[in-house]
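Trainee: Could we go through this one together, starting with the crosslinks and then moving on to the chain contact?

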Protein chains: 2
Amino acid sequence: MGTTLVVNPGSSSKKYALYKDGQPVSSWRYERGIGTQLCVQTGGSAAVCEPLTEAAFATATEDVLAAADEILKNDAVPTKLDTAVIRVVAPGTEFQTHQKITGVFVRLLRAQETVAPLHIPSVTKEIDSLQSIRPELPLFAASDSAFHATMSDHTRLYSIDASIAKEHDIYRFGYHGLSVASIVRRVHSVTGVDPKRMIVAHIGSGCSVTAVKDGQSVDTTMGFAPGSGLLMGSRGGDIDAGALLELMRVLHLTPTEAQMYLQTQTGLLALFGESDLRSLLDGYANDDRNAKAALYRFTLGIQHAIARSVITLGGCEMIVLTATAMERSPTLRELVVSGLSPLGVAINPDRNDALIGKEGVISTRGSECKVVVMRTDEMGEMYHVGQRLRASAG
Amino acid sequence: MGTTLVVNPGSSSKKYALYKDGQPVSSWRYERGIGTQLCVQTGGSAAVCEPLTEAAFATATEDVLAAADEILKNDAVPTKLDTAVIRVVAPGTEFQTHQKITGVFVRLLRAQETVAPLHIPSVTKEIDSLQSIRPELPLFAASDSAFHATMSDHTRLYSIDASIAKEHDIYRFGYHGLSVASIVRRVHSVTGVDPKRMIVAHIGSGCSVTAVKDGQSVDTTMGFAPGSGLLMGSRGGDIDAGALLELMRVLHLTPTEAQMYLQTQTGLLALFGESDLRSLLDGYANDDRNAKAALYRFTLGIQHAIARSVITLGGCEMIVLTATAMERSPTLRELVVSGLSPLGVAINPDRNDALIGKEGVISTRGSECKVVVMRTDEMGEMYHVGQRLRASAG
C-alpha cells in the first residue's frame with residue numbers, strides 16, 4: 001500500500017486523483033469548453049469548483065503534483081508520491097495490456113496519433129508533462145482495452161484477410177475497459193451477486209455496451225477505434241462502410257480527415273445540433289421535437305446493443321447502467337429500459353425516480369434480468385492497476 | 001393480364017422468367033463461374049440444366065427473348081410479349097421507387113456504377129441489350145429498395161449533417177425489398193395469418209434481416225449500399241468505420257477501391273477461404289475447425305440482427321427464414337434458431353429436418369414467436385410490380 005496519483009486525460013477534461021493506502025484522498029477535475037472550471041474534492045466532502053483560465057489548464061499537471069506533495073507532507077506520517085498511473089485509450093495489440101511506460105511505449109503511442117486523434121495526443125502530452133516534472137516517478141499505463149483482451153476470435157477479428165489484419169494490427173480492441181472492470185470488481189458489493197451473464201451499458205460522453213460472461217468481456221460495441229458502435233455526442237458510431245465511402249468520395253476526404261469528421265461532427269451533434277446529452281434531455285423535457293427524435297434514436301441504439309449482448313451471452317441475469325448519463329438521469333434510464341420488454345426486462349418507475357446519484361436495483365421483482373444502476377469507478381480501477389503493476393515490477 | 005418477361009441480372013448469374021396471365025410459364029437461369037450452366041424450367045416440370053459457353057452467356061438476352069416468342073406463338077391463342085421488368089439494385093432516392101425505364105433513369109443509374117460496382121453494371125448492360133433488341137417493348141424497373149421507403153427518419157438517416165446527406169443523397173436505402181415484399185404478399189397463404197410484427201431473414205448469396213410492422217418495413221440491416229449489415233459470402237458487412245479507415249490508410253485505398261475490396265474480398269471468403277455458403281456447410285458437416293468458427297460467427301450475426309429487429313418491433317409474432325440457404329439447409333436453420341432462446345423462440349428439430357425445399361412452421365407449439373420457412377419469390381414480385389406499373393401507365 002502506497003501513494004498513487006491517477007491521471008485521466010481527455011481532450012476537454014483532465015481528471016486526477018490521489019490515493020493513499022487504498023483510499024482516494026483528493027481529486028481534481030479540470031473542465032474545458034463551456035464552463036471552464038477546476039473542481040477539487042478532498043476526503044468525503046463535496047467538490048469545490050472555481051472558474052479556470054486557459055493558462056491554468058496548461059499547468060494542471062504541475063499544480064496537481066504540487067498539491068499532492070503538500071497533502072502527503074502534512075499527513076500524520078509524512079509520505080511522498082510513489083506511483084503514477086495514466087489512462088491510455090489507443091488502438092493496437094501493444095496497448096491492450098496494462099504496463100510500465102517506457103520510451104518504446106511512448107514512441108509506439110505517438111505513431112498512433114492520427115488513428116485516434118481525439119484520444120492519443122492528450123495522453124502523450126500528459127505523459128511528457130509527468131515525465132519532465134517527475135522523471136523519477138514510476139509511471140504506468142492503465143489500458144482502456146485490456147479488459148476486452150478476453151474476447152474470442154469470433155468477436156476480435158474483422159472479416160478481412162487474416163494476413164492484412166495481422167500485418168497492420170487491425171482488430172476489434174474495445175474500450176471503456178477500465179469502467180467495465182470497475183463494475184465487475186464492485187458488482188458483488190452493491191448487489192450481493194456475481195452475475196454469470198451481465199451486460200454493462202456505459203453511457204457518458206463516450207457510449208458502449210459490453211457483454212460480460214463470468215466476469216470476462218465476450219463482446220463490446222466499440223471496435224478498432226473508440227468511435228464505433230453506439231451513437232455518441234459527436235461520434236456517429238452507426239455509420240456503415242458503404243455510406244462512409246460515399247461520404248469520402250463526394251467530400252474528397254482522406255482517411256485521416258474522415259476519421260476526424262466522424263469523431264467530431266456526427267452523432268447527436270449532427271442529429272440534434274448539440275453534442276451534450278444534458279441539452280438533449282433538457283430538450284426532451286421541454287417537448288422539443290428534434291430532441292425527442294434524437295433521443296428516441298439514441299436509446300434505440302442502446303437497446304439494440306443490449307439485445308445483441310443477450311444473444312451473445314445466451315441470456316442475461318443483470319444489466320448494469322453506468323457512467324454520468326445513466327447515474328444521473330432517471331428519464332434516460334426509463335427510456336432505455338422501457339424498450340427492453342421483449343427481453344423480459346421491466347422497470348420499477350418509483351425506484352428508478354428515487355435513484356439519483358445513488359446505486360441500486362431499478363427493475364421489478366418479476367424482471368427476469370435485473371437492472372442495476374452503478375457508479376463507474378475508472379479512477380479506482382486505475383489505482384488498482386497501478387498497485388498490481390508496482391507489485392509485480394517490485 | 002398479359003405477358004411479361006421478368007429479368008434479374010447479377011454479376012455471376014442472370015435469371016429470366018416468362019409470365020402469362022399471372023402464372024410463370026418458363027424460366028431460364030444462367031450461372032457463371034464454377035459450373036457455368038443454363039437451367040431451363042418449363043411449366044411445373046423440373047429444371048433441365050446444361051453446360052454453357054461464355055459466348056452463350058453473352059447472348060442470353062437475345063436467346064431468351066427468342067425462346068419466349070416461340071412459346072407465346074405456339075400457345076392455343078398465340079400472343080406476343082407485352083412487358084419486361086428488370087430488377088434494379090442501386091443506392092439513391094431516385095431508385096427507391098418502381099418506375100418506367102427512361103433515358104434519364106439510365107443516365108442516373110450509370111452515374112452510380114462506381115458506388116455499387118457489383119450490382120449496377122450488370123443491370124445497365126441488360127437494359128441496353130433489352131432496349132436494343134426490343135426498342136418497342138415497355139421496360140420497367142422493379143426497385144430492390146422500394147419496399148424500405150416506409151422506414152422512418154430514425155432508421156433512414158445516418159447521424160451525419162442533414163444538408164450533406166440531402167445534397168449527396170446519403171441515406172439508408174435497404175435492399176432485398178422485392179424478396180421481403182414477396183414474403184409479405186404470400187405469408188397469409190402459407191401460414192393463415194398476417195403477423196403484425198414479423199422479421200424476415202433473407203439468407204442467400206446476399207444476406208439481410210428486415211423488421212416488418214403491419215406489412216411495412218421499419219428497419220433492415222443493409223444501408224446505403226447492399227454490402228452493409230450482415231456478413232456475406234464475399235462481403236464483410238460488419239466492418240466498422242474506424243477499422244475501414246485504418247485499412248484504407250495502410251493499404252492506400254481510394255474509396256472506390258475500398259468499396260470493391262469490401263464487396264469482393266471480405267466476409268466468409270476472408271474468414272473461411274471460400275465465399276460459398278454450401279462449402280461452409282459441407283466443411284461444418286465434416287467437422288472442419290475453420291468452417292465451424294466461420295459458421296458460428298455467420299449465424300451469430302443473423303441472431304444479433306433478429307434480436308435487434310425484435311427490439312425495434314417491440315416484440316415478434318413471426319420470424320420468416322427465406323432465400324436459398326434457409327430454404328435448403330436445416331442445419332443452418334437449426335444453428336440460427338437455437339441461439340434465439342433468450343427471445344422465447346424454440347425450434348422443433350423433427351419438423352425442421354423434414355422441411356427441405358418446402359414451406360412451413362419449424363418452431364415448437366410453445367414458441368412465443370413462430371419460425372416459418374418460406375420460399376422467396378422475387379421473380380413473382382417483379383411480375384406484380386410490372387403489372388401494377390403497366391396498369392397505372394394506362
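**Disulfides, salt bridges and the interface**

Mentor: Sure: Cys39(A) and Cys49(A) are joined by a disulfide, S to S 2.1 Å, where a disulfide means a pair of cysteine sulfur atoms within 2.5 Å. Keep in mind that this is a predicted model, where local features need pLDDT of at least 70 and side-chain atom pairs count only at pLDDT 80 or more, while totals for chains, interfaces and linings use all residues. Residues are numbered from 1 along each chain as its sequence is written, chains are lettered from A and ligands numbered from 1 in the order in which they are written, and side-chain values use heavy atoms, with hydrogens and water left out.

Trainee: What is the handedness of the disulfide of Cys39(A) and Cys49(A)?

Mentor: Look at the torsion about the S-S bond, which is about 110 degrees for Cys39(A) and Cys49(A). That value is why the disulfide is right-handed.

Trainee: Which strands of chain A hold Cys39(A) and Cys49(A)?

Mentor: The two cysteines are 10 residues apart and link distant parts of the chain. Strands here are DSSP runs (E, at least two residues; helices are H or I, at least four), numbered from the N terminus. Cys39(A) sits in strand S4 (residues 37-42) and Cys49(A) in strand S5 (residues 48-51).

Trainee: How many salt bridges are there over all chains?

Mentor: The rule wants a side-chain nitrogen of Lys or Arg within 4 Å of a carboxyl oxygen of Asp or Glu. Glu246(A) and Arg249(A) make one, with the closest N and O atoms 3.1 Å apart. Over all chains, the search finds 40.

Trainee: And how many of them cross the interface of chain B and chain A?

Mentor: The two chains do touch, with 61 residues from chain A and 60 residues from chain B in contact (heavy atoms within 4.5 Å). Across that interface, though, the salt bridge count is zero.

Trainee: How much area do chain B and chain A bury between them?

Mentor: Buried area is the accessible area (1.4 Å probe) lost on putting the two parts together, summed over both. Carbon and sulfur atoms carry 70% of it. The total is about 5,100 Å².

Trainee: What rotation superposes chain B on chain A?

Mentor: The fit is by least squares on C-alpha atoms of residues with pLDDT of at least 70 in both copies. It gives an RMSD of 0.0 Å, with 0.0 Å of shift along the axis, for a rotation of 180 degrees. The copies are thus related as by a two-fold rotation axis.
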